[in-house]
Amino acid sequence: MTELKDKTVLITGASAGIGRACARKFAEQESKLILVARRIDKLKELSKSLDVECHLIELDVRDSKAVKNAFASLSAVWNDIDLLINNAGLSRGLSEIQDGDISGWEEMIDTNIKGLLYVSRAIIPKMVEKNKGHIINIGSIAGHEVYPKGNVYCATKHAVDALTKGMRIDLSGTNVKVSTVDPGLVETEFSLVRFYGDQERAEKVYKGFKALEPDDIGDAVVWVANRPDHVQIAEIIILPKDQASSTIVSKNLG
Ligand code: NDP
Ligand code: 8X3
């Protein structure tokens, strides 16, 4: 029995990568899971492989009304949310600001900032009412540094950093904890999405060094969630051994 057994954990972006790894890691802790993503088939597949109760929600976090409705209509069994992991996010393109693709900018801003806000706005009042809960945002090294051609993605992750700090200030005194886990390069579908399905370009990002695995982040999130009640982890930055900063990655390309 652990502190996380039977706790209700809501994970956005659970259909792939870091979110899916978090789902598996919290299932190992015997938590109950609310799993959110647009690809419901992937969530179904995941839930079948987990030995815990799961509630699946097919949801685009960019749709404010749908987010509000999804969380307003939770049954009593699922309404008592102990932990919110704001993980859903993406990058679109890599280009100098003067060449930026506006629809890509909007997708990143709508998902990484506005989507995180919509979900948080729906869940935080429930936590405040109970006077307990924990929000863990998945930020990024890109929330601490800006790298060439990363302009808008980096801006969204800087916004996540600011929102984490703002949430912690506003929730001070409520027993609701706020943390951020900020990874460097993790090998997921992230680059495939960034490069609009260009597999070869995506694979190149992770060539010549050992990137983080989604489970590395899942482990960290479980650790952050499992501290004693009086301990609030503010921020963790996790990098691969071969990454010194956003732009300095030691690669051995033969
Ligand atoms: P993946 O592309 O592997 O997973 C992204 C997840 O986000 C998917 O489950 C996807 O689900 C979900 N998602 C995207 N858009 C939406 C949406 N509009 N509504 C609901 N869910 C959505 O990437 P990662 O696992 O790498 O990314 C997870 C988080 O980690 C992101 O916030 C990313 O910025 C951050 N991060 C990633 C790093 C990396 O190097 N990989 C490093 C630092 C931070 P679906 O498509 O089914 O909706
Ligand atoms: C994702 C990692 O380095 O592409 O946040 O910004 S990076």
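This report describes the surroundings of two ligands, the packing of several helices and one loop residue in a predicted model.

## The shell around ligand 1

The shell around ligand 1 holds 29 residues, and those that come nearest are Ser-15, Arg-38, Asn-87, Tyr-153 and Thr-188. Sorted by class, this shell contains 13 nonpolar, 10 polar and six charged residues.

Several backbone atoms lie at short listed distances from oxygen atoms of ligand 1. For Ile-18, a backbone N or O atom is 2.8 Å from an oxygen atom of the ligand. For Glu-189, the separation between a backbone N or O atom and a ligand oxygen atom is 3.1 Å. In the case of Gly-184, a polar backbone atom is 3.4 Å from an oxygen atom of ligand 1. Ligand 1 would expose 870 Å² if taken alone, and the protein buries 96% of that area. Two elements, helix H1 (17–28) and helix H6 (151–170), give two or more residues to the shell around this ligand.

## The shell around ligand 2

Ligand 2 is surrounded by Ser-140, Ala-142, Tyr-147, Tyr-153, Leu-185, Phe-190 and Arg-194. By class, these residues divide into five nonpolar, one polar and one charged. Tyr-153 is also listed among the residues that come nearest to ligand 1, and so this residue belongs to the surroundings of both ligands.

Side chains supply the polar contacts described here for ligand 2. An N or O atom in the side chain of Ser-140 is 2.5 Å from an oxygen atom of the ligand. A polar side-chain atom of Tyr-153 lies 2.6 Å from a ligand oxygen atom, and for a polar side-chain atom of Tyr-147 the distance to an oxygen atom of ligand 2 is 2.8 Å. Taken alone, ligand 2 exposes 240 Å², of which the protein buries 88%.

## How helices H1 and H9 cross

Two packed helices are described by the angle between their axes and the distance between the axes. Helix H1, which also contributes to the shell around ligand 1, has an axis that comes within 8 Å of the axis of helix H9 (residues 214–225), and the two cross at roughly 55°. This angle makes H1 oblique to H9. The crossing of H1 past H9 is right-handed.

## Helix H5 and its two partners

Helix H5 (residues 102–130) packs with H6 at an angle of about 15°, and their axes are 8 Å apart. Because angles under 35 degrees count as roughly parallel, H5 and H6 are roughly parallel to each other. Their crossing is right-handed. H6 is also one of the elements that give two or more residues to the shell around ligand 1.

Helix H5 also packs with helix H3 (residues 64–72). For this pair the angle is about 25°, and the axes are 8 Å apart. H3 and H5 are therefore roughly parallel to each other, and their crossing is right-handed.

## Ser-49 in its loop

Ser-49 is found in the loop between helix H2 (40–48) and strand E3 (54–58). The side chain of Ser-49 reaches the backbone oxygen of Leu-46 at a distance of 2.6 Å. Along the chain, Ser-49 and Glu-213 are 164 residues apart, and their C-alpha atoms are separated by 19 Å.

Technical notes:
Residues numbered from 1 in each chain as written. Chains lettered and ligands numbered in written order. Predicted model: local features only at pLDDT ≥ 70, side-chain atom pairs only at ≥ 80, totals over all residues. Heavy atoms only, no water. Near = heavy atom within 4 Å. Polar contact = N/O pair within 3.5 Å; in protein donor to acceptor, adjacent residues only side chain to side chain. Areas by Shrake-Rupley, 256 points an atom, 1.4 Å probe, with all protein chains shown as cover. Helix = DSSP H or I, 4+ residues; strand = E, 2+ residues; numbered from the N terminus. Nonpolar A, V, L, I, M, F, W, Y, C, P; charged D, E, K, R; others polar. Axes fitted to C-alpha atoms, helices over the stretch in contact; angles between N-to-C directions. Parallel < 35°, antiparallel > 145°, perpendicular 65-115°, else oblique. Left-handed = near helix turned anticlockwise from the far one by under 90°.
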